[in-house]
Every structure is written in C-alpha cells, then in structure tokens.
Amino acid sequence: MTSTRLQRRDLLHRWEGNPAITVEDVPFRANTVFNGTPVVTENGVYLLLRVEGQRGYSFFALARSSDGLHFAIDEEPAMLPASEGHFALYEKKGIEDPRITVIDGICHVMYTAVGTCGPRIALAKTHDYINYERIALVSEPGNKDGILFPRRINGRYARLDRPLGLGRGSIWVSYSPDLINWGDSEVVITPRPGYWDDFRVGASVTPMETREGWLEIYHGVKMTSAGPIYRIGVVLLDLDDPSKVIKRGDRPILSPREEYERIGDVGNVCFASGAVLSDNGDMKIYYGAADTSICIATCTLDQILKDGF
Amino acid sequence: MVVTRRSGFVKRRNQDIVYRWDGNPLISICDLDFKCSDVHNAGAVSFKDKIFLLVTIEHLSGQRSIHLARPDTDGYYQVDRTPFLKPSTNSKYKQHESHGVLDARVTFLEGTYYIVYNSLGEHGFRLALAKTKDFDSIERVGLISEVDTKAGALFPARIKGRYARLERPGYGSSIWITYSDDLIYWGSSELVISPREGFWDASRIGVGAPPIEIEQGWLVLYYGVKDTSAGPIYRVGTVILDRQEPANVIGRANIPILSPRGTCERIGDVPNVVFPIGAVIDSNGYLDIFYGASNSCICVGTTTVEEIIKNCIESEQEY
C-alpha cells in the first residue's frame, strides 16, 4: 500500500498492486518488460508490451486482462523485428514502444524501428492482435515516440512525433493523406528551461479528445549529473490545429518516487505508454517504471482537466 | 560562356580528377557591390543558354539569404544585391526560417525550376522547396522535411512515377532517399550511402549537386567530411546510383575528385572546405562543378563524366 504522504505529491494515484507486470510474469525468457499500450476489446483490455529479450533487442508481446489490472501474457511473442524484406535493415536492433490507435475501426500500431542508422517511426496494423501487418516506415531517421491521432483532423491523418532538432527533442505534429507519405510538420511543445521537462519532451499516450481539446499525456525529461529523470506531464491541444497549445501543466502528474520507479535498468523513470478512459470518466494510465516493469496509475479525466494544469 | 572559360582550366593539382579554373575565385565578396560577411555555396542551372548561380550570402548580421548571380562577358559573375529568396515573414515559414535560408540546389523538372534549400530556424534545419519558371519571381511550395534534415536535392525526373529527393537527416550522417506523389507529403525513406570508417568521408556525408542522369544511372556528387583535431576537411566524392532503385549503389569512388588544396580552399571562415552544390553538364560530356571554398568564395572546376564513371567503377586500384 502506498503511503498517503507519497500520494499527496502526485496527481495520479498509484495502483496498490504495482508493479502490475514484471519479467516474472513473462512466460518466455526475457530481460525486462515495460511500456505497454492498451486497447479495449470485447474480451477485455489487451496490452501490447515492449519486452526486452536477454540478447538485448526489444520486441512485442500481448497481455490480456478482464479488469485492466491483472494480466496474463501470451506464450509466444506477438511481433518480432523483421528478419527479411524491406523492414529488416531498419529493425535490426529491435522494435520498441508500440502505441495503439484505433482509427476507422482498425487497430494501428505505431512503433519505433531501431536500425543501425538510428530509430525511425513505423506503422503496422492488426485485426486479431496476433498477426501484425507492416504498413510503412513513416519517418526519417532520428525520430521516435510517434503516435497516431484517433481520427482525421480536417480530412488528414495526423501523428505526434519527436525528431531530435538541435539535439533538444520537441514534440511535433505531422500530417498525411494516406498514412504513407507525411508532411506539413509543425512544432507542438518544446522543453522549457528551468522546468522539470527542460531537457526533452515526447508524446506518450494516444491523444484523447475532450471537450477542452486533445489531452496529451507526455513524458518530460530533466537531465541531472547522475542521469535523466523521466516524469509524466499533460498538455491540451486545439482540436482543429494540434500545433496550438491551449494549456500546458506546470507540474508533472507523476514522478518517480516508489522503489520500482527508482530502481531498475534505467532508474528514475515513469514513462506513460497508454491510457484507458471509462464511460464514467475514470482513467487508468499504464506506465513503464525504471524500464523494468509495467505499472498502473488512476485518476479521473475531470481531475486531470481541473488540477493537472 | 563556359566554352570561353574552358581554355583557362589549369593542370590538375596533385592528380585531382577535377581541373580548377585559373581565374578562381569565380565570386568573392570583394567583387560585390554591397557589404556582406561571406559568400558560399552556389547552386547552378542552365537557363537561356547561360549558367545562372544561386549563391548563399551571409550578411553582416549573420543571417543568410539566397541571391541570384548572372554571368558577365568575362566569365565572372554579377551577384544581385536584392535577395532572390530571403527568410519569410509568413507565419507558416517564419519560425523555421528566422535564422536564414541557404544552400539552394536547383533541379529542372517537368518544365519548372525547383529549388530545394535549407531553412534554418529556432528548432534547427529543415528542407524547404520553392519554384520558379523565369528566375524573376519565386514561389514557396512548402517545408518538406522533418527537423534536423539538410542537404536536400530533387531528382530531375520522376522515378517509378514518384518524385524523389536525396537528403541528409542529422541522425546517422548518411544520405537517404525519400519519395512523394505531390511534393508536399513525403515517405518511403531509404538509406542510400553512409560514411566509411577509415576513408576520407568517415565522419559525415551529404549530397552536393542534384543527381545527373547518365547512361549507367544517376551520377551524384556528394560532400564527405573527415574530422581532424583541427576541425573538419570537406571533400567532393562521387557515387553512381541505380536509375530505377537509387537506393542501390552501382559504384562509389574510393577517392575524392576534389580536395581543398588552393589558398582560397584552405583559408576562410571555415577552412579546408570544397562544397559542390551546383554542377552543369555540357553536350561534350564535360561537367562544370561550382563549389564553395572555405565558406568564403565560389570557385569552378571541370572534369569529364567519363573520368568520374571510371573512378566510381574502378577506383579500387587508386591509392
């Protein structure tokens, strides 16, 4: 049970069962499991997990749950790096950080393909969560944290992404008529000097349409002499033009404090990777902790819109 | 113009494949009738039987813009005082061009002259595209790359029905190819060539002049950089790419065709730089290469396409 003293510091409430998924729950040999993206199906909540194998590259596995809290992981990985064809060169060092967006009723997975010439954003789709059909590599190298919006904006598909301009790392929005060709990139938010997110920012959760705008739960990084601290923040974007920021929270909504967030392969990391919003406004946020486990935090949409900013 | 200058190409230095014009530099800031800090990097295009250049001027303020240079009767060039393209004040472009527009690479494609340039703003470099029919007026098409990508050049023909460009994303320091159906939305990026460890182009590479169609495929001049303890050395390299699948390399020369050796190539704001973003081929197979030297002047050299091809295919024997 998390102490009340700790709870008061963060807007999000940590689930008492954290960490929800660790490598002990993976039915095959693996190093770590983190950064899972949820999708609500007729059979409950599925989480597509990033698993880092012991050889050192990442791939995806599927976890299934009836309550969105207790998960069982499939016996075999769901999606492995391409070993042949056009994608092989660009996935040689693994596939990372899947983000699911259901658009036009089809489950799309945007993920980071890591090749010898850097990370790129790639797009796949699935109808059964077991077979994944690659659509295209959709960014130039040096870009990651790509997330598709859940609907077209003024007739065009849109995504958030994170190219490393000037080594800084800002969130941008790019548009496409066909999910293959992309353009019209514009800056959304940049790191803020003197804030908790002054080193890098990146999109984390599939944008949620709310009455006040697109709610984007993002990760912000502060660099210290001992390494980075990853925290979770919120920003509201204009529904018609997501490059326009309506408001941006001054403070993170969750910061690494618990042991499972402080200690791991990459310590001091809370990295949101998806959220499920219930009809009654309750929200479960799934986040990777210390690149070593998957955790869950809860809140309501109203609380975030009221107190997150 | 080119023909009259042809006689003035001096014997090669150190066996370089490119012969330099003995009247170099072709353009230096001493020749300009306005004050500026620097002139560098000339895109070149054959227009109305003359070779026009689009040079980058660094103004005393530090901001850069692109200026048209027209040939004089003596083989030298007159640079317009008014920019042909300057940083836009339009809200769409402003934050991406606030620090300057530079390095115009010109491609004649389907009846229009397209100019891919680097726009430099508060977030870093991006590629932008503009077009002209007459070199009097210019129209912006769009910002066409993600941030951190520079050195873009459009192919002079569609490839398998699609527009294509070469580019240098910051990450990985390699040359990539990207395609488009409409010049606005781009995708299907593929790696073309990377820096080679232990070679003269070990640190970074990027496309120079736009690809030139030859019998064997696409001839591409590129700049290759080797970092030394005293700073980088920029040289000119060559590669031939497959006509239908330019991500496939037909031949890449192991040696540069041009290296900084002359005084104006060795001394300047950025020393030891030869940087070729303009090249024009004539009907006799001569290739005139317009290159910025030490970021401080423009020079010209020439060689034959035949000799370049020979080096791309056979350069294993060179040392």
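**Strand 7 of chain A and its two hairpins**

Begin by selecting residues 106-115 of chain A, which form strand 7 in this predicted model. Eight of the 10 residues of this strand are buried, so strand 7 of chain A is largely enclosed by the rest of the structure.

Next, add residues 95-103 of chain A, which make up strand 6. Strand 6 and strand 7 of chain A are antiparallel, and seven bridges pair them. To find the register, display Thr101(A), whose bridge partner in strand 7 is His108(A). Then move to the turn: the hairpin of strands 6 and 7 of chain A has two residues between the strands, and Asp104(A) there takes a positive phi near 55 degrees.

Now select residues 118-126 of chain A, strand 8. Strand 8 of chain A runs antiparallel to strand 7 of chain A, joined to it by nine bridges. Here the pair to display is Met110(A) and Leu123(A), the latter in strand 8, which stand opposite each other. Strands 7 and 8 of chain A also form a hairpin, with two residues between them.

**Two open sheets in chain A**

Select strands 2, 3, 4 and 5 of chain A. These four strands form an open sheet in the order 2-3-4-5, with antiparallel pairing. At the edges stand strand 2 (32-41) and strand 5 (72-73) of chain A; each has a single partner strand, so one side of each is left without a neighbour in the sheet. Within this sheet, examine strand 3 (residues 44-52) and strand 4 (residues 58-65) of chain A, an antiparallel pair with eight bridges. Leu49(A) stands opposite Ala61(A) in strand 4 of chain A. Keep Leu49(A) labelled, as this residue returns in the nonpolar core.

For another sheet, select strands 1, 19, 20 and 21 of chain A. This open sheet of four strands has the order 1-21-20-19, and its pairing is antiparallel. Strand 1 (13-14) and strand 19 (270-277) of chain A are the edge strands, each pairing on one side only. Two bridges hold the antiparallel pairing of strand 1 with strand 21 (residues 293-300) of chain A. One residue to display is His13(A), whose bridge partner in strand 21 of chain A is Thr298(A).

**Where chain A touches chain B**

Show both chains and select the residues in contact between them. Chain A contributes 25 residues to the contact and chain B contributes 25 residues. On the side of chain A that touches chain B, the elements giving two or more residues are strand 9 (133-137), strand 12 (171-176) and strand 13 (183-189) of chain A. Strand 13 of chain A gives the most, with three residues. Coloured by class, this side of chain A shows 14 nonpolar, 10 polar and one charged residues.

**Chain B as a whole**

Hide chain A for the next views. Chain B has four helices and 22 strands. Its radius of gyration is 18 Å, close to the 20 Å that the globule rule gives for 319 residues, so chain B is as compact as a globular protein of that length. The C-alpha trace of chain B spans about 55 × 45 × 45 Å along its principal axes. Of the 319 residues in chain B, 51% are buried.

**Helix 4 of chain B**

Select residues 305-314 of chain B, which form helix 4. Its buried residues include Ile308(B), Ile309(B), Asn311(B) and Cys312(B). These residues cover an arc of only 165 degrees around the axis, which puts them on the same side of helix 4 of chain B. Rotate to the face turned away from the buried side to see the exposed residues Glu306(B) and Glu314(B). To view the packing, add strand 16 (212-214), strand 17 (217-228), strand 18 (231-241), strand 19 (249-252) and strand 22 (297-304) of chain B, against which the buried residues of helix 4 of chain B pack.

**Arg168(B)**

Centre on Arg168(B), in strand 12 (residues 163-169) of chain B. Is this arginine, Arg168(B), buried or exposed? Arg168(B) has 27 other C-beta atoms within 10 Å and is buried. Beyond its neighbours within four places in sequence, Arg168(B) is in contact with Thr149(B), Lys150(B), Ala151(B), Ile175(B), Gly206(B) and Val207(B). The C-alpha atoms of Arg168(B) and Val207(B) are separated by 7.3 Å, although the two residues are 39 residues apart along the chain.

**The largest nonpolar core**

Finally, restore both chains. The largest nonpolar core has 179 residues, and those with the most contacts inside it are Leu49(A), Ile285(A), Tyr287(A), Leu53(B), Leu54(B), Val55(B) and Tyr117(B). End on Leu53(B): leaving aside its neighbours within four places in sequence, the residues in contact with Leu53(B) are Ala42(B), Gly43(B), Ala44(B), Ala69(B), Tyr77(B), Gly278(B) and Phe290(B).

Conventions
Residues are numbered from 1 along each chain as its sequence is written. Chains are lettered from A and ligands numbered from 1 in the order in which they are written. This is a predicted model: local features need pLDDT of at least 70, side-chain atom pairs count only at pLDDT 80 or more; totals for chains, interfaces and linings use all residues. A residue is buried if 20 or more other C-beta atoms lie within 10 Å of its own, exposed if 12 or fewer, and partly exposed in between; C-beta atoms are placed from the backbone. Two strands pair if DSSP finds at least two bridges between them. Two residues are in contact if their C-beta atoms, placed from the backbone, lie within 7 Å. Ala, Val, Leu, Ile, Met, Phe, Trp, Tyr, Cys and Pro count as nonpolar, Asp, Glu, Lys and Arg as charged, and the others, Gly among them, as polar. The radius of gyration is taken over C-alpha atoms; the globule rule is 2.2 Å times the number of residues to the power 0.38. The arc is that of the directions from the helix axis to the C-beta atoms. A nonpolar core is a set of buried Ala, Val, Leu, Ile, Met, Phe, Trp, Tyr and Cys residues joined through C-beta atoms within 7 Å.
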